[in-house]
Amino acid sequence: MARVHPLVAAVARNLPRIAPMLGFHVKVTSVYRSRAQQAKLYADYVAGRSSLPANKPGYSLHERGLAIDIVSDNLRELVSFMSYLGFKWAGPKDYVHFYLA
């Protein structure tokens with residue numbers, strides 16, 4: 001069973017319900033990934049089948065339960081809220097990716 005950081009798990013579970021109260025909507029698209037899942041995402045990225053970057057297997061914080069990918073209709077508000085919670089944002093090239101450092 002994957003071990004996900006408690007804060008990452010709480011955000012994944014609660015943010016879709018809480019975000020509308022804060023004025024935006026979200027969809028959590030990824031939390032924990034196995035090494036095999038990460039390998040597929042990395043292969044897709046390298047082959048040009050994905051516009052979002054993916055780390056090599058063994059180097060992704062998703063594999064360690066420390067990252068979450070979120071799509072939002074208001075990225076500015078999402079980044080602000082996630083920063084308030086202690087997450088770092090990967091930036092505009094990987095705009096869905098948030099992680100605990």
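1. In this predicted model, helix α1 passes helix α3 in a right-handed crossing. Helix α1 covers residues 6–18 and helix α3 covers residues 75–85, and the two pack at an angle of about 145°, with their axes 12 Å apart. On the α1 side, the contact is made by Leu7, Val11 and Leu15, while α3 brings Leu78, Phe81, Met82 and Leu85 to it. Sorted by class, this contact between α1 and α3 has seven nonpolar residues, with no polar and no charged ones.

2. A second feature to trace in the structure is the open sheet, which four strands form in the order β1-β2-β4-β3, with antiparallel pairing. Strands β1 (26–30) and β3 (88–89) stand at the edges, where each has a single partner strand, so one side of each is left without a neighbour in the sheet.

3. The pairings can then be followed strand by strand. Strands β1 and β2 run antiparallel and are joined by four bridges; within this pairing, Val26 has Ser72 of β2 as its bridge partner. Strand β2 (residues 67–72) also pairs with strand β4 (residues 97–99), again in the antiparallel sense, over three bridges. For Ala67, the bridge partner in β4 is Tyr99, and Ile68 stands opposite Phe98 in that strand.

4. How do the two helices of the first point lie on this sheet? Helix α1 packs on the sheet by touching β1 and β2, and the direction of α1 makes about 20° with that of β2. Helix α3 packs on the sheet as well, but touches β1, β2, β3 and β4, and the direction of α3 makes about 150° with that of β2.

5. The largest pocket deserves a separate look, and its volume comes to about 330 Å³. Its lining is made up of 22 residues, and those that lie nearest the centre of the pocket are Arg33, Pro53, Ala54, Asp69 and Asp94. In terms of class, the residues of the lining divide into 10 nonpolar, eight polar and four charged.

6. Which elements give two or more residues to the lining of the largest pocket? They are β1, α2 (35–46) and β4, and among the contributions to this lining the largest share, four residues, comes from α2. A reader who wishes to connect the parts may note that β1, an edge strand of the sheet, is touched by both α1 and α3, and that β1 also gives residues to the pocket lining.

How values were computed:
Residues numbered from 1 in each chain as written. Predicted model: local features only at pLDDT ≥ 70, side-chain atom pairs only at ≥ 80, totals over all residues. Heavy atoms only, no water. Axes fitted to C-alpha atoms, helices over the stretch in contact; angles between N-to-C directions. Left-handed = near helix turned anticlockwise from the far one by under 90°. Contact = heavy atoms within 4.5 Å. Nonpolar A, V, L, I, M, F, W, Y, C, P; charged D, E, K, R; others polar. Pairing = 2+ DSSP bridges. 1 Å grid on protein atoms, 1.4 Å probe; cavity = no way out; pocket = protein on both sides within 12 Å on 5 of 7 lines; lining within 4 Å. Points joined across faces, edges and corners; volume = space filled by probe spheres on them.
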